[in-house]
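Hi,

Here's the structure I promised to pass on. Have a look when you get a minute, and my notes are underneath.

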Amino acid sequence: QVHVAESGGGSVQAGGSLTLTCVGSGDTFSSSGVGWFRQAPGNERELIAYIGWSGVNTYLKYSVKGRFTISRDTAKNTVYLQMNNVVPEDAAVYYCATGPNSSGQYDFWGQGTQVTVSS
C-alpha cells in the first residue's frame with residue numbers, strides 16, 4: 001500500500017511562483033512513477049507533469065512547459081512541482097498519484113491541494 005499527500009497549495013498572484021509537494025510512504029513509492037494532475041471546476045482532470053522512478057524521464061504538458069518543472073528527491077520520498085509565472089488558467093485542485101501501472105492507470109492518489117490565482 002502506498003499513501004501520498006500533497007501540500008503547498010494556496011493563493012498566488014498571476015506571474016508568481018508556488019511549489020507543490022507530494023510526499024509518499026510505503027515500500028514502492030520510491031520505485032514508482034508519479035504524476036501531477038489538476039482539475040478546475042467544470043473541467044476534466046488532466047495530467048500536467050510526470051516523473052519516472054529514477055527522475056530521468058519527465059513529461060510536461062505543453063500548457064505548462066517552460067513554466068513548471070517536476071523533480072523528485074528519492075531520499076525524502078518527495079516529488080515537487082515548481083510552478084513559475086503562474087497564470088489564471090492554472091487555478092485548480094492539484095493531485096499527485098503513483099503510476100502508471102501496466103494498465104496505464106494511476107494507482108494511489110492524494111487528497112489534492114487547491115491553487116488559487118489572483119490577477
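Strand β9 pairs with strand β10 (residues 113-118) in the antiparallel sense, over 3 bridges. If you want a spot to check that pairing, go to A92, which stands opposite V115 in β10. Bear in mind while you're looking that this is a predicted model.

β9 has another antiparallel partner in strand β4 (residues 34-39), and that pairing runs over 6 bridges. There, W36 has C96 of β9 as its bridge partner.

So how many of the residues of strand β9 are buried? The count is 7 of the 7 in residues 92-98, so the strand is largely enclosed by the rest of the structure.

The other thing I spent time on is R67. You'll find R67 in the loop between β6 (58-60) and β7 (68-73). Is R67 buried or exposed? Its relative accessibility is 13%, and because the cut-off for buried is under 20%, R67 counts as buried.

What does the side chain of R67 have for polar company? One polar contact, at 2.7 Å, links it to the side chain of D90. A polar atom of the R67 side chain also lies 2.9 Å from the backbone oxygen of S63. Setting aside neighbours within four places in sequence, R67 is in contact with Q82, M83, N84, N85, V86 and V87, as well as D90. D90 therefore turns up twice for R67, in that contact list and in the side-chain polar contact at 2.7 Å.

Shout if you'd like to go through any of it together.

Cheers

Conventions. Residues are numbered from 1 along each chain as its sequence is written. This is a predicted model: local features need pLDDT of at least 70, side-chain atom pairs count only at pLDDT 80 or more; totals for chains, interfaces and linings use all residues. Side-chain values use heavy atoms; hydrogens and water are left out. Buried means under 20% relative accessible area, exposed over 50%, partly exposed in between (1.4 Å probe, protein chains only). Helices (H or I, at least four residues) and strands (E, at least two) are DSSP runs, numbered from the N terminus. Two strands pair if DSSP finds at least two bridges between them. A polar contact is a pair of N or O atoms within 3.5 Å; within protein, one must be able to donate a hydrogen and the other to accept it, and residues adjacent in sequence count only if both atoms are side-chain atoms. Contact means heavy atoms within 4.5 Å.
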